[in-house]
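Trainee: Could you walk me through one part of this model up close? I'd like to see how a single piece sits among its surroundings.

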Amino acid sequence: DEGFSVWEEPKKDRQYFITCDVARGAGKDYSAFTVIDVSDTPYKLVARYRNNEISYLLYPTIIHKIALFYNEAMVLVESNDIGGQVADTLYNDFEYENMISSAVKGRSGQIISAGFARNSSMGLKTTAQVKRIGCQTLKSLLEESKLLILDFDTISELTTFIVRGKSYSASEGNHDDLV
């Protein structure tokens, strides 16, 4: 699979988590995911996928294959735009059950859900609040050496990830799909 890099093969009795960003496959933004060993701290990025030409229709196949390979990893898909379709394909068509779902709880915003509430959906919509919390958590993990990243592309994206107004994104001319 072009764009897939591995630093550590899956090990029995280890737990893995996959976070996915979805793009349209038009050669601009990347469809990307990271595989993180969350068995103990420090957590470790053990593999990643990054491709800006893969169709979002084929992307779930790759996520599914890698999730199964990494001990049926838990999968979180950013469900903004076409990401919702990718998450739904993984859950409904591939019948992959280790998906993170969310539900909207009024002023409380989104919460992780079991997927049974009528307002729940597969994946997580990235709102300003979700992005702020996620970025603060990521910053904390990195500063406290609780997340090890061996991937040059991920490190490169992190170095160009900046505050823009009340949000965060890549600086002009850079990407943030692995972040």
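Mentor: Let's take helix 2 and its surroundings, then step out to a few other spots.

Keep in mind that this is a predicted model. Helix 2 covers residues 83-93. Start with the side that is tucked away: the buried residues of this helix are G83, G84, V86, A87, T89 and L90. You can see a rhythm in that list if you recall how helices wind. An α-helix has 3.6 residues a turn, so residues three or four places apart point the same way. As for what these buried residues pack against, the partners are helix 1 (59-69), strand 5 and strand 8 (120-122).

Zoom in on V86, which is part of helix 2. Its relative accessible area is 1%, and buried means under 20%, so V86 counts as buried. Who does V86 touch? Setting aside neighbours within four places in sequence, V86 is in contact with V22, Y56, Y59, P60, I63 and V77. Two of those are easy to place: Y59 and P60 fall in helix 1 (59-69). If you'd like a distance to try out on screen, pick V86 and Y49: they are 37 residues apart in sequence, and their C-alpha atoms are 15 Å apart in space.

Now slide back to the stretch leading into the helix. S79 sits in the loop between strand 5 (74-77) and helix 2. Is this loop residue buried or exposed? S79 has a relative accessibility of 3%, so it counts as buried. Leaving out residues up to four places away in sequence, S79 touches G84, M122, G123, L124 and K125. G84 is one of the buried residues of helix 2, and M122 falls in strand 8 (120-122).

Next, go to the other end. D93 belongs to helix 2, but with a relative accessible area of 61% D93 is exposed. Helix 2 is followed by E95, which lies in the loop between helix 2 and strand 6 (101-104). E95 is exposed too, with a relative accessible area of 62%. Look at the backbone there: phi of E95 is positive, near 55°, and E95 is not a glycine. That is worth a second glance because most residues other than glycine have a negative phi. Charge also gathers around here, as D88, D93, E95 and E97 form a negative surface patch.

There are similar backbone details elsewhere. S145, in the loop between helix 3 and strand 9 (147-148), has a positive phi of about 55° although it is not a glycine. Then there is P42, in the loop between strand 3 (31-37) and strand 4. The peptide bond from T41 to P42 is cis, with omega near 0°. For context, most peptide bonds are trans.

Stay around S145 for a moment and look at the charged side chains on either side. K139 and E143 meet in a salt bridge, 2.8 Å from N to O. These two are four residues apart in helix 3 (residues 128-143), so about one helical turn separates them. E143 is exposed, with a relative accessible area of 57%. A little further along, K146 forms a salt bridge with E144, and their closest N and O atoms are 3.2 Å apart. K146 is partly exposed at 36% relative accessible area, and E144 is partly exposed at 45%.

How many salt bridges does the structure hold? There are 12. One of them joins D153 and R50, with the closest N and O atoms 3.9 Å apart. D153 lies in helix 4 (residues 152-159) and R50 in strand 4 (residues 43-51), so this pair ties together parts that are 103 residues apart in sequence. R50 counts as buried at 17% relative accessibility, while D153 counts as partly exposed at 23%. Both belong to a network of salt bridges that links R48, R50, D151, D153 and E157.

Last stop: E172, in the segment after strand 11 (167-170). At 71% relative accessibility, E172 counts as exposed. E172 and I162 are 10 residues apart in sequence and 9.9 Å apart in space, C-alpha to C-alpha.

Key: Residues are numbered from 1 along each chain as its sequence is written. This is a predicted model: local features need pLDDT of at least 70, side-chain atom pairs count only at pLDDT 80 or more; totals for chains, interfaces and linings use all residues. Side-chain values use heavy atoms; hydrogens and water are left out. Buried means under 20% relative accessible area, exposed over 50%, partly exposed in between (1.4 Å probe, protein chains only). Contact means heavy atoms within 4.5 Å. Patches are made of residues with over 30% relative accessible area and no salt bridge: like charges are joined within 9 Å, nonpolar side chains (Val, Leu, Ile, Met, Phe, Trp, Tyr) within 5 Å. Accessible areas come from the Shrake-Rupley method with a 1.4 Å probe; for residues, only the protein chains shown count as cover. A salt bridge is a side-chain nitrogen of Lys or Arg within 4 Å of a carboxyl oxygen of Asp or Glu. Lys and Arg count as positive and Asp and Glu as negative; His and the chain ends are not counted. The place of a charge is taken as NZ of Lys, CZ of Arg, CG of Asp or CD of Glu.
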